[in-house]
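Please look at the sequence and the model below, and use the text after them as a guide.

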Amino acid sequence: MNERLLAQMILAERVSKNHPAWISIFSELKNSLAGAGGESRTNSLLKRELVLPGQTIILTDLSIPHKDGYAQVDLLVVNRKFVCVLEVKNMKGDFYFDSENFQFHRTVDGRTEGMKSPESQLHRAVKATERFLGIPVTGVIVLASRSGRVVEGPKNYPAVSLDYLPFYLESLAGGRMLLDENKVSAKVRALPKKSFQQNLLERYGLNVDSLRLGVTCAKCRNSALIRKNRKWHCDGCGGYFRDAHEVTLQEYAVLFGAELPTNFAYRLLGVEDKHLLYRLLENSALLGNERGKRWIVPRRELLETYFGSIWS
């Protein structure tokens with residue numbers, strides 16, 4: 001799971017369903033989950049079936065500098081013979097591309113929906129990657145769902161089904177371009193990760209006071225737990241958990257960064273006793289040189305396990 005998807009999951013859990021932004025948060029989360037599923041299947045298929053000369057490196061979830069902002073790249077395939085940007089779409093319906101105006105719409109169950117053009121998104125990503133690397137870059141639209149059908153195809157970039165993608169990429173290896181795939185990949189990997197979290201909060205008009213605080217019950221998912229007898233207890237379902245606060249700390253770190261003011265940690269975890277707070281934070285949010293602040297130890301696998309069980 002990338003940081004953006006984790007942030008959307010956290011907001012969907014922590015923002016009240018009565019909040020004006022919740023419907024938008026949940027809608028975007030569903031789209032992100034569908035996209036992530038398509039990208040994951042694409043990556044797995046290529047690792048399993050793609051056969052190219054030499055080494056092939058597949059990079060995922062990239063933000064390439066582009067003018068005053070960034071271009072998002074779903075997957076980047078780097079081989080000594082070519083570099084290819086993959087724009088993965090995990091959608092159903094009949095697809096209609098207008099390559100002259102870079103417009104796109106699809107028909108699903110008799111309804112026509114205008115959407116952001118995958119061809120336009122891919123074109124932006126290809127040009128950004130070309131400028132950044134200083135080499136020719138190609139691109140392809142990947143249709144990850146078997147429930148999608150191209151009626152009018154794009155003219156500037158190919159659109160291929162996921163099943164055909166390995167064969168299409170293998171067809172690109174006949175050219176003369178010889179790259180050092182490790183150097184190209186290292187240059188891309190050295191890019192700083194772009195933080196989407198603050199942009200999300202600002203776009204939805206949210207701050208920390210907009211969120212439900214406290215340690216969440218993994219069963220009820222919206223009940224705050226109470227700490228007693230060295231465990232977290234839920235009055236709603238009767239469940240109890242030993243280290244549920246660890247997930248809460250990781251959620252905070254994704255949205256607001258690893259720096260945790262100690263006086264806010266009381267509110268975040270819903271505790272009042274300073275000795276209890278010290279024990280809870282002792283190994284999870286370490287003391288630094290600055291008084292009144294701690295730094296959360298990153299353990300992203302806790303979030304992936306927690307949200308993976310919810311959204312699998």
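The paragraphs below go through a sheet, a buried loop residue and a group of paired strands.

The model is predicted. One part of it is an open sheet of five strands, ordered β1-β2-β3-β7-β9, in which the pairing is mixed. Its edges are formed by β1 (57–66) and β9 (159–161), each of which pairs on one side only. From one strand to the next, the twist averages 40°. Within this sheet, β3 (residues 82–89) and β7 (residues 138–143) run parallel and are joined by six bridges. Glu87 stands opposite Ile141 in β7. Helix α5 (residues 181–189) lies across β1, β2 (69–79) and β3, and runs at about 50° to β1.

Ser117 is found in the loop between β6 (111–115) and α3 (118–133). Buried means under 20% relative accessible area; Ser117 has 3% relative accessibility, so it counts as buried. Leaving aside residues up to four places away in sequence, Ser117 touches Phe102, Gln103 and Phe104.

Further along the chain, strand β15 (residues 293–296) pairs with two strands described here. With β13 (residues 259–261), β15 pairs in the antiparallel sense over three bridges, and Pro261 stands opposite Lys293. With β14 (residues 285–287), β15 is also antiparallel, again over three bridges, and Leu287 has Arg294 as its bridge partner. The hairpin of β14 and β15 has five residues between the strands, and in this hairpin Gly292 takes a positive phi near 85°.

The side chains of β15 alternate along the strand. Arg294 and Ile296 point to one face and are buried, whereas Lys293 and Trp295 point to the other and are not buried.

How values were computed
Residues are numbered from 1 along each chain as its sequence is written. This is a predicted model: local features need pLDDT of at least 70, side-chain atom pairs count only at pLDDT 80 or more; totals for chains, interfaces and linings use all residues. Side-chain values use heavy atoms; hydrogens and water are left out. Two strands pair if DSSP finds at least two bridges between them. Helices (H or I, at least four residues) and strands (E, at least two) are DSSP runs, numbered from the N terminus. Axes are lines fitted to C-alpha atoms, for helices over the stretch in contact, and angles run from 0 to 180 degrees between N-to-C directions. Contact means heavy atoms within 4.5 Å. Buried means under 20% relative accessible area, exposed over 50%, partly exposed in between (1.4 Å probe, protein chains only).
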